[in-house]
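Reader: I'm new to this one. Could you walk me through it?

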Amino acid sequence: MAHTFFPPPEPVAFVPDPRSALPNAADVVVVGAGMTGASAAWHLARAGHRPLVIEANVPASGASGRNAGMALAGLGGHFPRVTALVKTAGGRSILDYTMRSLDMLEAWDAELPGGMEWDRFGSLDLALDEAEAEHIGRMAALQSAEGLEVSIIGRTELAELAPDMAIDEVVAAKWTPRDAKLNPFRLCYGLLEAVRDMGGTVVTGVRVERLLATGGRVAGVSTTAGDVSAGTVLLATNAWTPALAPHLAANLTPIRETVCVTEMLPFSIGAPGFETNQCNEYWRQMRTGEVLIGGFTAHDEGMGIGSYSIDVRPALPPLLARLLTRLHPRLADARFIRCWAGLLDFASLEMPMAGPLPAADGTPLPGAFVAAGLTGHGHPYAPVLGMLMAELIDGGAARTLSLAPFDPRRYVGGSLEPTWLDPFQGPSDPRSP
Ligand SMILES: Cc1cc2nc3c(=O)[nH]c(=O)nc-3n(C[C@H](O)[C@H](O)[C@H](O)COP(=O)(O)OP(=O)(O)OC[C@H]3O[C@@H](n4cnc5c(N)ncnc54)[C@H](O)[C@@H]3O)c2cc1C
């Protein structure tokens, strides 16, 4: 099947908000009110800035409000390659970043009014055939060696964690007790409310059309509601980043991913989040009883790769329903009440880009920054990357952890062969770099 890995950039579709009041100047502009932009704006506000967040639609209208709410420190199938890239860049472990994100989420849950339905009840990675079983065994060994609390568990323990599961369908199960699940809407809205309380501004229904530059540095943004002058601009624009930075288009791929949700169920399928097939399929039960399930992108048209469309393709909900019923027979009569799709934003080397935005020729463009390409794992990345970006903007360098592994310059100057296709398609050797 042919794939368009890197399609021509498309700006995010948007509905103008006639009530929006856009200031004409700000010290820092954050473009995009998903979890990346919200995290960065929150940290900037905490550092004493008054960030102006400009969002084309409403907060969490992109991937952040369309995701399944799993927070997996082990990054599914991406872990081996991302681990190798962190080490090559001089870092210790990717877990330094992802575990910190999960701890930050837990702290926000306690701090933000109303919390975010944070449940740190662990995750179960289920192998449904021998090849997957071998894969999760190797992955558990690799993750454990990096310092993640993870183990392969037996049937008795699995039955306790997942009541009424069809245990005979499961060949092996990997248990990560410190993973979590949450409501990502509450995350984004809670952070942005706090940004407002700290003196920041969030403007919705306004699309940034281009960066403004004078004298070789950023001077602000041009928007559908007029220009804003600003010495610092952070692009937290996920799949739509190439519309503002076309030179990154060759290494950022939108991938359509589908999620369905059942009606409220009066029984529990288990407290952990669930995943299978290298996290290509994943599901969890919400506190209110609904079960959210996503995946089977490999069965989408062209595997959903390179499309900016977020239409749900009819082939996918039946596959999601079949998987749920296979593993949780009690769900046989549960109906999906809604399905939607969103855009994953895959960076070609599976490693997000976060740092100064290089110009098209790779040279610095002072004042411009980017954090994008979170490659299907927003929760383990967005909190920590937002913090590090705020440190970089505020003080000229990321202090808590190095941003070197995420250096956007590796993605400028030609297209890199995507490394993510193999794990996307199915099991592969998790130790191969
Ligand atoms: C179906 C699906 C399921 C997922 N499941 C999980 C999961 O269970 N766990 C997990 O960790 N991750 C998951 N992810 C990934 C996660 O949702 C993303 O990595 C994360 O939301 C990215 O956040 P973001 O803020 O970078 O991007 P987004 O949330 O997409 O935010 C970008 C924002 O920028 C705005 N924007 C873009 N261009 C402009 C412009 N020019 N002007 C103004 N605004 C603009 C957009 O409107 C959008 O609101 C899933 C993603 C999808 C699509």
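Here are a few questions, each with its answer.

Reader: What is the mean pLDDT of the protein?
Author: Keep in mind that this is a predicted model. Of its residues, 97% reach a pLDDT of 70 or more. Averaged over the protein, the pLDDT is 94.

Reader: And over which residues is the pLDDT below 50?
Author: Where pLDDT is low, it's best not to read the predicted coordinates in detail. The stretch in question does have 18 contacts in the model beyond near neighbours in sequence. It covers residues 427-433.

Reader: Which helix gives the most to the largest nonpolar core?
Author: That core has 130 residues, and Val-29, Leu-234, Leu-235 and Met-389 have the most contacts inside it. Leu-235, for one, touches residues including Val-31, Leu-244 and Phe-369. The top helix gives ten residues, and it's H9, residues 378-395.

Reader: How many charged residues are in the shell around the ligand?
Author: In total, 44 residues surround the ligand, with Gly-32, Gly-34, Gly-62, Gly-342 and Gly-378 the closest. Helix H1, strand E17 and H9 are among the elements that each supply at least two residues of the shell. By class, the shell has 22 nonpolar and 18 polar residues, while the charged ones number four.

Reader: Is Asn-238 buried or exposed?
Author: Asn-238 sits in the loop between strand E12 and H7, and has a positive phi of about 50° although it isn't a glycine. Most residues other than glycine have a negative phi. Asn-238 has 27 C-beta neighbours inside 10 Å, so it counts as buried.

Methods:
Residues numbered from 1 in each chain as written. Predicted model: local features only at pLDDT ≥ 70, side-chain atom pairs only at ≥ 80, totals over all residues. Core = buried A, V, L, I, M, F, W, Y, C linked by C-beta atoms within 7 Å. Buried ≥ 20, exposed ≤ 12 C-beta atoms within 10 Å, placed from the backbone. Helix = DSSP H or I, 4+ residues; strand = E, 2+ residues; numbered from the N terminus. Contact = placed C-beta atoms within 7 Å. pLDDT = per-residue confidence, 0-100. Near = placed C-beta within 6 Å. Nonpolar A, V, L, I, M, F, W, Y, C, P; charged D, E, K, R; others polar. Lists of a residue's contacts leave out its neighbours within four places in sequence.
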